[in-house]
Amino acid sequence: MTGVRKKIRGLPVSPGTAIGKVCIIGTSHVVKKQRIRHKDVKGELEKFKDALKLTRLELEQLKEKVSVSIGKNEADIFDVQILLTEDPYLTAQIEHKVAVEHKNLAWAVEETLQDSINSLQKIDDTYMRERAADLRDVASRILGKITESQRECFIDENADIILASENLLPSQTVGMHTKRIRGFITEHGGATSHAAILARSLGVPLVSGILDLARVIPFGAIAIVDGFRGEVILNPSQDRIRYFQKLQKTILQREKQTEKLAKLPAVTKDKVEIKLMANIGSLEDALHAIKLGAEGVGLYRTELHFMDRQSYGSEEDQYLDYKNIAQKMFPHPVVIRTLDIGGDKYLHTDLSYKEPNPYLGLRAIRISLRDPDIFKTQLRAIFRAATLGNIKLMLPMISSVEEILAAQKLIRATLKELKKAGIEHNPKVPLGMMIEIPSAAINIHSFLKIVDFVSVGTNDLVQYTLAVDRGNEQVSSLYQPFHPAILSLLEIIGRAGQELGKETSVCGEIAGDPLFTELLVGFGFRNLSMSAPFIPHVKLRVRQLYTDECKKSSQKVLKFSLSSEIRKYVEKQLEANHFAK
Ligand code: PEP
Ligand code: MG
């Protein structure tokens, strides 16, 4: 396809470059509303029948796939959606709107299904609200079949694809290992949105902040995504394509060289060991992390395991998943974080539920304490899987000691139940917590007295300290991990850990940024956990450092009052070290 050559500026969110054909996906379809002529009615009704048939087929295939890869219970969920495509009442309504009211098919489908979704959502019953989510999914699939855009996307199964979306959901990013998705373009989403983190761990470039995406990025256009510069080049010339292909080869070669580092130890020049671990969202991530030299998993975001399905999964499913990962990582530790649903991470079933302030609302531990059954199921799975002795348990988004006490009560109850039922488990799993809310950082001593370890989640700590939505590209320039207040909090946490002899780690994105390594080591952190592709880069940096110099640097930057000064200082330090090599 040819088209206007254009360069569009956005934000560089996940590095790398990709070339492919644009496919636009979205939770909302742009539906053109048109009155049709009498002679077009027959054609529209036939199109409807075809779309229903295709949707049913797609759902049956999906059911089969889920049944094999996840389990029969999860697969049965698709039965509800298949039944909805056969609902005579809904079908008759749509046909009436086309045949009698002469509305075009997309309009008739959208209007009918939206009315039903609205009615279901008004009913104060969780089961009915979940059916609204099913109906929305079905509506989206049918509309996808009858709008040009989606056909363009799925015709070309062998082409490399650039996925463009107004808002990329984490559920759309997970499970993409096997697909031919080479790059992402989004309108919304900052550098530490979960979709961005996932894109980085998959090694897929992402450019966000493309204003008015639906209008400026045409379906099917050839696009280059430059995740280094934060640019999208539409319909590039052959010369430009060749240039980027060459660049990709060079990057690949450089990465192979860095991977060789995997076998070298992560020790400073004065022989202090810094444990470099991986943040994972799946077993595949864990396997990839081992190859890149990870010495364990410092953060398993367990919610990602559920996000491409419609339910939390059974205890057995979770147990097998955790056990598998613990075995693969043995003897290295695996820190399993309990569910961190909320913010920008929702299960399919939750899509119909929107909070006015999701990051300040029902998220993470707040959901676990509100729904103890879901929490206890996960705890049972963790304690059962922990018999090898390398699993640790971590609680997300803790803001008060009361939350830890409440969680500990549920932990004790779960262990009692397992013991009573004679189920094999490990009752001695270390308990840790994330430090990602300023209150937890400020009161770090109180927390360290009642937990075994802490891990600093700077992605959220920056968001909550600076009052900047991590997923909002409009305020991304205010999202400053180098902010002096963030460094002061890191210093407080690192020092408290040393005073009380408790393990402190960092697992936010800064742990994978070599610019930060010197400061984190200086503040006393000896465990860093990051997306696996960054491990070799941070290792390279660790091997250039002396801990006493790190300490001096970290104390020095605490006197600066501008984020830019701090950044400039560490950039200079990094450069100096490279030249010294
Ligand atoms: C963090 O907040 O830094 C973190 C590691 O957790 P998540 O990115 O999953 O919120
Ligand atoms: Mg977090």
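This note sets out numbered points on the ligand site, the helix packing and some backbone features of a predicted model.

1. The surroundings of ligand 1 are a suitable place to begin. There are 17 residues around ligand 1, and those that come nearest are Arg301, Arg337, Gly457, Asn459 and Arg470. Sorted by class, the shell around the ligand consists of 8 charged, 5 polar and 4 nonpolar residues.

2. Polar contacts to ligand 1 involve both side chains and backbone. In the side chain of Glu436, an N or O atom is 3.0 Å from an oxygen atom of ligand 1. The side chain of Arg363 likewise has an N or O atom at 3.2 Å from an oxygen atom of the ligand. For Asn459, it is a backbone N or O atom that is placed 2.8 Å from a ligand oxygen atom. As for cover, ligand 1 on its own has 290 Å² of accessible area, and the protein covers 100% of it.

3. The reader may wish to trace which elements supply the shell. Two or more residues each are given to the shell around ligand 1 by α8 (194-202), β10 (297-301) and α18 (458-466). Of the elements, α18 gives the most, with 3 residues.

4. Helix α18 also takes part in helix packing. The axes of α18 and helix α19 (residues 484-500) come within 10 Å of each other and cross at roughly 125°. Because of this angle, α18 counts as oblique to α19. The crossing in which α18 passes α19 is right-handed.

5. A second pair consists of helix α12 (residues 315-329) and helix α14 (residues 372-385), whose axes come within 8 Å and cross at roughly 40°. This angle is the reason why α12 is described as oblique to α14. As to handedness, α12 passes α14 in a right-handed crossing.

6. A third pair is formed by helix α20 (residues 514-522) and helix α21 (residues 535-542). Their axes are 9 Å apart, and the two helices pack at an angle of about 50°. The helices α20 and α21 are therefore oblique to each other. Their crossing is right-handed.

7. One peptide bond deserves inspection. The bond from Phe330 to Pro331 is cis, and its omega is near 5°. Pro331 is located in the loop between α12 and β11 (334-337). The student can therefore look for this bond when following the chain from α12 towards β11.

8. Two residues should be examined for their phi values. His102 is not a glycine, yet its phi is positive, at about 55°. This residue is placed in the loop between α3 (88-99) and α4 (105-122). Asn235, also a residue other than glycine, has a positive phi near 45°. The loop that holds Asn235 is the one between β8 (231-234) and α10 (238-259).

9. Two questions may guide a second reading. Which element gives the most residues to the shell around ligand 1? That element is α18, with 3 residues. Where is the place of Pro331? It is in the loop between α12 and β11.

Note on methods:
Residues are numbered from 1 along each chain as its sequence is written. Chains are lettered from A and ligands numbered from 1 in the order in which they are written. This is a predicted model: local features need pLDDT of at least 70, side-chain atom pairs count only at pLDDT 80 or more; totals for chains, interfaces and linings use all residues. Side-chain values use heavy atoms; hydrogens and water are left out. A residue is near a molecule or strand if one of its heavy atoms lies within 4 Å of it. A polar contact is a pair of N or O atoms within 3.5 Å; within protein, one must be able to donate a hydrogen and the other to accept it, and residues adjacent in sequence count only if both atoms are side-chain atoms. Accessible areas come from the Shrake-Rupley method with a 1.4 Å probe; for residues, only the protein chains shown count as cover. Helices (H or I, at least four residues) and strands (E, at least two) are DSSP runs, numbered from the N terminus. Ala, Val, Leu, Ile, Met, Phe, Trp, Tyr, Cys and Pro count as nonpolar, Asp, Glu, Lys and Arg as charged, and the others, Gly among them, as polar. Axes are lines fitted to C-alpha atoms, for helices over the stretch in contact, and angles run from 0 to 180 degrees between N-to-C directions. Angles under 35 degrees count as roughly parallel, over 145 as roughly antiparallel, 65 to 115 as roughly perpendicular and the rest as oblique. A crossing is left-handed if the near helix is turned anticlockwise from the far one by less than a right angle, and right-handed if clockwise.
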